[in-house]
Amino acid sequence: MRCVVLCAVLLGGVCAGQDAWREQGLLHLAQSPHARMHPVPVRAARLEAGFWKARQDVTIERSLPTLLELLEQHGVVDNFRRLARADRQPPRRGPLYTDSDLYKWMEAAAWSLQVRPDAKLEAKLDELTDIILAAQEPSGYLNTWFVDERAPLRWQQQTSGHELYCLGHLLQAGIAYYRSTGKRKLLDGGIRFVEYLLRDFGPAPKQPLLTGHPELELALAELYRTSGDRRYLDLAAYLFSGVERERLKLRERDLVYLFSGKPFPERTQLEGHAVRALYASTGAADYVLETGDAAFRRTVLRLWEDLAFRKVYVTGGAGARAAGETFGDAYELPNQQAYSESCAAIAGMIFSQRMLHLTGEARYAELMERALYNGICSGMSSSGTLYCYRNPLAAPASDRIRNPWYDTTCCPPNLQRTFTALGAYFFSTSREGIWVHFYDNAALEWKLESGTPLRLKVKTGMPWHGETEIAVEPGKAEEFTVFLRIPGWSLSTKAEVNGEGISNVKPGEYLAIRRRWRAGDRVRIVFDLTPRRVFANPRVSEDYGKAALQRGPIVYCLEKHDNPDVDVFEVALDGGAPLETEAATGALAGAVLLKTQGLAYEGPLGRRPLYEFQPAVPARRVPLVFVPYFAFHDRGPADFTVWLPCRGCGF
Ligand code: FUB
Ligand code: ZN
C-alpha cells in the first residue's frame with residue numbers, strides 16, 4: 001500500500017508519520033516498484049562552494065527576486081488578482097500560458113527553501129498561494145485566460161489552450177512547496193482541479209481530455225507518488241491512451257506536433273514540438289517506473305535512443321528547428337540556426353533522469369551531464385538576470401540571445417527550478433547503497449535504505465580539476481556499495497579507497513565499491529580531464545570535417561572576445577596542434593580555458609567567389625583561445641562558434 005500525504009500513522013510499514021513530506025525525494029520514488037534507485041530529498045544534498053553552488057546562489061539571490069519583479073511588471077500575478085475583483089481590473093496580460101510561468105517560479109522558490117530557509121520568501125509563497133487560489137472556481141477549475149467572455153472557450157481549444165499544461169505546473173509547484181514546508185494548501189488547490197477533471201472528463205458521456213502540451217502526465221505521476229491515490233496515475237494513462245484522436249478529430253500533423261493524442265506505445269521517434277515530445281517521454285518513463293508496462297518501456301527506450309544517437313546537440317540541447325520549435329529529422333543539427341530551447345534541454349535532462357532511475361545505466365547520467373554543464377548552464381547568465389530561450393551553437397554578435405524577459409517566459413523559471421533543486425540530482429540510493437552521479441563540492445546528509453544515517457562529503461576541483469575526495473561517514477560500520485559514476489570522457493581514471501588502488505575502473509560505467517564502510521573511510525578519484533577534439537557522426541552534415549573541443553563535461557566555443565584578431569567563422573583547428581589549458585582571469589576567473597594553434601584563411605572569405613575549382617585552404621597560423629560554451633555572450637554579444645573545420649583531423 002502506498003503512503004498517502006495525509007497519513008500520520010504507519011501504513012504498510014512505509015509512512016513515517018506527519019513529517020513524511022521531509023523524507024520525499026526530488027522525485028518520490030521510494031515506493032515505485034520499478035525504480036532501480038531513488039533520488040534524495042533536495043534538503044539532503046547541499047552544494048558547497050564551487051561551480052554549481054555559484055550558479056545556485058545567483059539563482060536564489062538574483063534570479064528569483066528579479067524574475068518575480070518582472071512577472072509582476074508584466075501582469076502575470078495581476079492576471080490572478082483581477083479575478084478576485086468585481087471590476088476585473090487591470091485587464092489580463094500576456095499569452096494564454098502565463099499562469100505556468102508563475103507556478104514554475106513558485107516551484108523554484110519552493111525548492112530553494114530546502115537549500116536556504118527564508119521566512120520572507122516563504123511568506124511570499126503563502127501570499128501568492130492565496131492570490132492564486134482566490135481565482136479558483138468552486139468546481140476546481142483554475143485558469144486566468146479562459147474566464148469571463150472567454151469562459152465558453154474552455155476545453156474547446158485543447159490542442160493549443162494549455163489548460164492542462166498550466167495545471168501540471170501548478171501541481172509541481174504544490175508538490176515542491178509541500179515537500180519543502182509541509183504546507184499543502186497550494187497542492188490541495190491543484191488536487192481540486194484534478195478532481196474536477198476526474199468528475200467531468202473521460203470516456204463518453206464525459207467530456208474529452210487531451211494534453212495539447214504534455215506536462216500534466218509527469219505531474220500526475222508525481223501526485224500519485226505523493227498522495228498514493230491511483231486515480232491520478234490512471235488519469236495520466238488516459239492521457240497517454242490516444243483515445244481522444246477520434247472525438248477531437250485530431251489530424252495526423254496534430255499527433256506529430258503535439259506528441260499527444262495517439263497511443264504512446266505507437267511512437268517510434270521524437271518529432272514535433274521538442275519540449276512537448278520530451279515532457280511526454282518523461283511522463284511515460286514515470287509511468288513505467290510505477291507500472292513496469294512493457295510496451296511503454298520499449299517505447300521510452302526507443303525514444304531516448306533516438307535522442308541520444310540522432311537528435312541531441314553536443315551541448316545536450318535538443319530541438320533543431322525554430323519553425324514550430326520542433327525536432328528536425330535524424331542528424332539534422334544545424335549550429336547557427338539551432339533552436340535548442342533551454343526548456344528542451346531541461347526536458348531531455350529530466351527524461352534521462354527517469355531512465356537512469358529506471359535502469360541504473362550510466363549512459364543516462366552521461367546525457368544529463370552533457371545538458372547540465374552545457375546547454376542548460378548556458379541558459380542563464382552568470383549574473384542571474386539574463387536568459388537564453390534559444391541556445392545556438394554559433395552566432396554573430398548581432399544576435400541578441402540573452403535577454404532579461406520573454407513574452408513566452410517559460411525558460412527562465414524552468415532554469416531556476418533546475419538550479420535550486422540541483423544538489424538532489426547528484427545522489428540516489430538503492431537497496432545496495434549510495435550512488436554518486438555528478439561531482440562537485442557537496443555534502444550529503446541522508447541515510448542508507450537500511451535506515452543507517454549516511455554522510456558523504458565530496459571535495460573536488462570539478463569540473464576544472466579532476467582531484468576528488470569523498471569522505472564516507474555511515475552512522476555505524478555497515479556493508480554497502482558506493483556507486484561512483486566514471487564519466488565516459490574520463491578515459492583513464494584513478495580510484496582508491498583509504499590509499500588502496502582499485503583496478504578495472506571503466507569509463508562510462510558506475511564503479512561499484514562494495515565493502516564494510518566505516519566512518520573515516522575516504523575514496524580518492526582522479527578524473528582524466530585531458531582536453532579532446534570531438535567529432536560528430538558523419539551523417540551530421542553540418543559538422544562533417546569539423547571538430548569541437550571538450551574537457552571533462554565542458555564543451556568549449558571560440559568567441560571573438562578572446563580572439564580579437566581572428567574571424568571565428570573563418571578559421572580552422574589544426575588537428576596536429578596540442579590542446580593546452582590556462583586558468584581564466586577576469587569575468588571567467590575560476591574556469592579553465594583551452595588554447596591551441598589554428599589556421600586562418602588568407603584574406604576574408606567574403607572576397608572569394610562562392611564556387612571555385614580549388615578549395616580554399618586555411619594556412620596562416622593563429623593562436624586560438626576557447627572558453628566554455630555555457631559562457632557564450634556572457635561578457636556581452638560577440639561572434640562565437642562551437643564547431644570548427646579541422647585540418648589534419650583525418651577526414
Ligand atoms: O507553449 C508555450 C511554451 O513554449 C512552453 O512553455 C514551452 O514548451 C515553449 O516551447
Ligand atoms: Zn522555454
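A residue counts as buried when its relative accessible area is under 20%. The exercises below concern a predicted model.

**Exercise 1. Helix H8**

Determine which residues of H8 are buried, and which helices their packing involves.

Solution.
- Step 1. H8 consists of twelve residues, and the distance from its first C-alpha to its last is 16 Å, close to the 16 Å expected at 1.5 Å a residue.
- Step 2. Applying the burial criterion, twelve of its twelve residues are buried, and H8 is mostly covered.
- Step 3. The buried residues are Leu216, Glu217, Leu218, Ala219, Leu220, Ala221, Glu222, Leu223, Tyr224, Arg225, Thr226 and Ser227.
- Step 4. These buried residues pack against H6, H7, H9, H12 and H14.
- Step 5. After H8 comes glycine 228, with a positive phi near 80°.

**Exercise 2. Helix H7 and the nonpolar core**

Describe the surroundings of H7 and identify what leucine 197 touches.

Solution.
- Step 1. H7 spans residues 185-200; its 16 residues reach 23 Å from first to last C-alpha, close to the 22 Å expected at 1.5 Å a residue.
- Step 2. Its buried residues are Leu186, Leu187, Gly189, Gly190, Ile191, Phe193, Val194, Tyr196, Leu197 and Leu198.
- Step 3. The cover over these residues includes helices H4 (98-115), H5 (119-134), H6 (163-181), H8 (216-227) and H9 (230-240).
- Step 4. The largest nonpolar core has 220 residues, and Trp105 and Leu197 touch the most other members.
- Step 5. Leaving aside residues up to four places away in sequence, leucine 197 touches Trp155, Leu164, Leu167, Leu209, Leu216 and Leu235.
- Step 6. In soluble globular proteins, nonpolar side chains tend to be buried together.
- Step 7. Just after H7, glycine 202 has a positive phi of about 140°.

**Exercise 3. Threonine 282**

State whether threonine 282 is buried or exposed, and list its contacts beyond four places in sequence.

Solution.
- Step 1. Threonine 282 belongs to helix H12 (residues 274-291).
- Step 2. Its relative accessibility is 0%, so threonine 282 counts as buried.
- Step 3. With residues up to four places away in sequence excluded, threonine 282 touches Leu218, Ala347, Ile350, Phe351 and Arg354.

**Exercise 4. The zinc site**

Classify the arrangement of donors around the zinc ion (ligand 2) and locate glutamate 341 and cysteine 411 in the chain.

Solution.
- Step 1. The protein donors are Glu341 (OE), Cys343 (SG), Cys410 (SG) and Cys411 (SG), at 2.1 to 2.3 Å from the zinc ion (ligand 2).
- Step 2. Four donors count as tetrahedral if all angles lie between 85 and 135 degrees.
- Step 3. The angles subtended by the four donor atoms are 96 to 120°, so the arrangement is tetrahedral.
- Step 4. Along the chain, the donors follow the spacing E-x1-C-x66-C-C.
- Step 5. Glutamate 341, in the loop between helix H13 (294-311) and helix H14 (342-359), and cysteine 411, in helix H16 (residues 411-420), are 70 residues apart, and the pair links distant parts of the chain.
- Step 6. Glutamate 341 counts as buried because its relative accessibility is 3%; cysteine 411 counts as buried because its value is 0%.

**Exercise 5. Backbone geometry**

Where are proline 90, proline 463, glutamate 325 and serine 340 found?

Solution.
- Step 1. Most residues other than glycine have a negative phi, and most peptide bonds are trans.
- Step 2. Glutamine 89 and proline 90 are joined by a cis peptide bond with omega of about -10°; proline 90 is in the loop between helix H3 (78-81) and H4.
- Step 3. Methionine 462 and proline 463 are likewise joined by a cis peptide bond, with omega of about 10°. Proline 463 lies in the loop between strand S9 (453-461) and strand S10 (465-474).
- Step 4. Glutamate 325 has a positive phi near 55° and is found in the loop between H13 and H14. Its relative accessible area is 18%, so glutamate 325 is buried.
- Step 5. Serine 340 has a positive phi near 45° and is found in the loop between H13 and H14. With a relative accessible area of 1%, serine 340 is buried.

**Exercise 6. The chain as a whole**

Compare the radius of gyration of the protein chain with that of a compact globule.

Solution.
- Step 1. The protein chain contains 16 helices and 24 strands.
- Step 2. For 651 residues a compact globule would have a radius of gyration near 26 Å; the chain has 25 Å, which agrees.
- Step 3. Buried residues account for 61% of the 651 residues.

Key
Residues are numbered from 1 along each chain as its sequence is written. Chains are lettered from A and ligands numbered from 1 in the order in which they are written. Side-chain values use heavy atoms; hydrogens and water are left out. Helices (H or I, at least four residues) and strands (E, at least two) are DSSP runs, numbered from the N terminus. The expected span of a helix is 1.5 Å times one less than its number of residues. Buried means under 20% relative accessible area, exposed over 50%, partly exposed in between (1.4 Å probe, protein chains only). Contact means heavy atoms within 4.5 Å. A nonpolar core is a set of buried Ala, Val, Leu, Ile, Met, Phe, Trp, Tyr and Cys residues joined through side-chain atoms within 4.5 Å. Donors are N, O and S atoms within 2.8 Å of the metal (3.2 Å for Na, K and Ca); water is not among the atoms, so sites may look incomplete. Four donors count as tetrahedral if all angles lie between 85 and 135 degrees; four count as square planar and six as octahedral if opposite donors are over 155 degrees apart and all others between 65 and 115; anything else is irregular. The radius of gyration is taken over C-alpha atoms; the globule rule is 2.2 Å times the number of residues to the power 0.38.
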